Amino acid sequence: MEFENYLSFNKYPKILPKEVLIPSWLTELDRIDLRNSILCYGKGKSYGDVCLNEDGTLIDTSNLNHIIDFNNKTGIIKCESGITLKEILEFVVPKGWFLPVTPGTKFITLGGAVANDVHGKNHHSAGTFGSHITEIELLRSDKVTYKCTKDVHSELFAATIGGLGLTGFIKTVEFQLISIETPFMYVENIKFENLDAFFDLNEESEKLFPYTVSWVDCTTKGKKMGKGIYMRGRHATKSEVNKSFEMKDGALPFPIEASFINNLTVKAFNKLFYSKQFSKLSTQIVPFEPYFYPLDMIDGWEKAYGKNGFLQHQFVLPYDNCKKSLHQIFHEIVNSGMSSFLTVLKSFGEVDSPGMLSFPKKGITLAIDYRMEGEKTLKLLDKIDDIVAVNNGSLYPGKDARMSREHFHKFYPNFQEFLKYKDPNFSSSFYRRIK
Amino acid sequence: MIKNIYVFGATSKIAEETLKNYAKDNANFYLVGRDIHKLEIVRKDLLARGAGKAEVEACDALDWEKHSITINNADKTIGQLDLIYIAHGTLPENEGIRNNQMKVIEEFNINCTSVISLCTVASEYFESKGKGTIAVISSVAGERGRQSNFIYGSAKGGVSKYLEGLRNRLFEKGIKVITIKPGMVDTPMTKDFKKGLLFASPASVGKQIYKGINVGRDVLFVPGYWKLIMGIIKSIPESIFKKLKL
């Protein structure tokens, strides 16, 4: 099968483009014919069809990975859109800088981070990635490159952030990094008994920690429904790291591929490994990789779901009625018996997303993987979507392969406004499904 | 310590990935290539990554007279050179050109003659200074002629043989000559290939070359397992080899 490498991360749906263009240089873009039905493709890490363009053209941006400018004093960096977060981290972390917002994988491109307006464990304190962008250079099919900022072409700027690649070719992105003292994290892991306990813990933790996230058990019924581990953290200070290395620990070789990992970080990772004891509260100093990107270390974990792939489903529910509807949804999931490999529960904060189609809004968000078992899986997700819709929630397009057109329009009331800024020649399978 | 680097073919992905490592060491660069706009992108990238100085000059591989001029310009602009790194090349579609005499000559000139021309002026330069390193990207394709790739392969084979002799000649003068033999690398040059297990990423290849140059290896297979693979391929008797579809 030609172009079979150009699917999304969950290998569903299996739809292929008609052609793939791979520009090697930004300067070659002028020569690319931006004809009808084109879409940029980064690393294909979204789940679903926002990065797919059946029978259309994909432009693979992975060679467009240069740094254009970096200011070590201000922490402002400008890169070509095909650079991955991994490459950016390898470059900035040794200089004492970090991404302002990062999702759970570093193998995505910068352009993809913008187009999906990604969020991370610090949404309640920092908002989405889009909140930290200072400029986007966007090439449209009229062959004009628009330098978009909050003030210049501001509507195009807002449409492009979270715009699912539909407003044009994102050539470059400039954004603000945050400074860190060490590449380590101070982390507290706390067990909680059920969903209600999560809410209490979350309220306290949000005030104390910039990063919070929970792993939740989606298989247990009854009083312990929604039990899990709450992980809250912040970037560790130098003195905390120094103190932590005075403690004794064994050396265990661990496969960590990032090049800037040294013996020191491996040691710290071992510490994490050893101290995963299940007491109610454990505190650790760990390198940032296992904290932010635990799944990046398990190469090919997504293949565990087999050849039919899997679906990821992430919704947000505003706080009103949230507890009740979340219980309702948990009942549906637990009773369906379609338990999941990875279930992540987190709260979104007040910070408004800058994008017209950005997903996050204040409330509680739950992300779950489901093995693709055909009708059965789709029916369960439709049921959950109904509950989300009734309670004024929303669904993440970057992780969707099946939501209904009606639901999308309810979740994204700005869509008609967005269409004014969509590039007429850019399209995606997702877009054609929900428009 | 390699500080001042001249690169011919600086916009090749492998060259770029090698240079990123040197940029971290705050090296200075003189970047030569065909397309000034692409060179400019590389220049900015290297400066952001920590390069001291980075200058660019456009030069076509077949512009013979200009070869020595660019090296002299580099010396004047960034100071006495420590490394001359030759990384340009094209990968022709063998079957499409093998009966096209002019095309074959052109490919040979780009991948072999121009490299030897550059090495000639590079050795002259380093001999006058009494020290230096010449590193050249050849290819595993030069290890044995195969029906699918023998025009590119024989050009690279010519380069490898030339470098063997040059290394021998310059050894007593304290000048290092490094032959780099990459296997299949996932770069724009191979974008029409179906990518299998043996394809390496440009970043890891660049890093291995950087390390190999710094320790002064003579011949560098990247990734290292190609030494074994090519050893096996070379050991097949010609009477059998000629019947194989490789």
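**Reading a two-chain model**

User: Let's start where the chains meet. How many residues does the contact take from chain A and from chain B?

Analyst: The contact takes 12 residues from chain A and nine residues from chain B. Keep in mind that this is a predicted model. On the chain B side that touches chain A, sorting by class gives five charged, three nonpolar and one polar residue.

User: Now the chains one by one. How do I read the radius of gyration of chain A?

Analyst: Hold the value up against what a compact globule of that length would have. For 435 residues that would be near 22 Å, and chain A has 21 Å, so the two agree. Along the principal axes, the C-alpha atoms of chain A fill a box of roughly 60 × 50 × 45 Å.

User: And what does the same test give for chain B?

Analyst: Chain B has 246 residues, for which a compact globule would have a radius of gyration near 18 Å; chain B comes in at 17 Å, which agrees. Its C-alpha trace spans about 55 × 40 × 35 Å along the principal axes.

User: What share of each chain is buried?

Analyst: In chain A, 47% of the 435 residues count as buried. For chain B, buried residues make up 43% of the 246.

User: How do I read contacts by distance along the sequence? What share in chain A joins residues at least 24 apart?

Analyst: Leave out the pairs under 6 apart, then ask what share of the rest spans at least 24. In chain A that share is 72%, and in chain B residues 24 or more positions apart account for 68%.

User: How many helices and strands should I look for?

Analyst: Chain A has 13 helices and 18 strands, while chain B comes to nine helices and seven strands.

User: Can we try a single residue? Is Ser154(A) buried or exposed?

Analyst: Count the neighbours: 12 or fewer other C-beta atoms within 10 Å means exposed. Ser154(A) has 12, so this residue is exposed. You'll find Ser154(A) in helix H4 (residues 154–160) of chain A. Its C-alpha atom is separated by 47 Å from that of Lys243(A), 89 residues apart along the chain.

User: On to sheets. In what order do the strands of the open sheet in chain A lie?

Analyst: Read across the sheet instead of along the sequence. The three strands lie in the order E1-E3-E2, with parallel pairing. The edges are E1 (19–21) and E2 (38–41) of chain A, each pairing on one side only. On average, neighbouring strands here are turned by 30 degrees against each other, direction ignored. Three bridges join E1(A) to E3 (residues 57–60) of chain A; to find the register, look for Val20(A), whose bridge partner in E3(A) is Leu58(A).

User: What should I know about side chains on a strand?

Analyst: As a general idea, side chains in a regular strand alternate between the two faces of the sheet.

User: Which strands of chain B are joined to E6(B) by bridges?

Analyst: E6(B) is joined to E5 (residues 132–137) by six bridges, running parallel, and to E7 (residues 219–222) by four bridges, also running parallel. For landmarks, Gly132(B) stands opposite Ile175(B) in E6(B), and Lys181(B) has Phe221(B) in E7(B) as its bridge partner. E6(B) itself, residues 175–182, is mostly covered, with seven of its eight residues buried.

User: How does the chain cross from E5(B) to E6(B), and is the crossover right-handed or left-handed?

Analyst: Follow the path from E5(B) through helix H6 (residues 150–170) of chain B to E6(B): this β-α-β crossover is right-handed.

Conventions. Residues numbered from 1 in each chain as written. Chains lettered and ligands numbered in written order. Predicted model: local features only at pLDDT ≥ 70, side-chain atom pairs only at ≥ 80, totals over all residues. Buried ≥ 20, exposed ≤ 12 C-beta atoms within 10 Å, placed from the backbone. Helix = DSSP H or I, 4+ residues; strand = E, 2+ residues; numbered from the N terminus. Pairing = 2+ DSSP bridges. Right-handed = clockwise from strand over helix to strand, strands pointing away. Rg over C-alpha atoms; globule rule 2.2 N^0.38 Å. Contact = placed C-beta atoms within 7 Å. Nonpolar A, V, L, I, M, F, W, Y, C, P; charged D, E, K, R; others polar. Axes fitted to C-alpha atoms, helices over the stretch in contact; angles between N-to-C directions.
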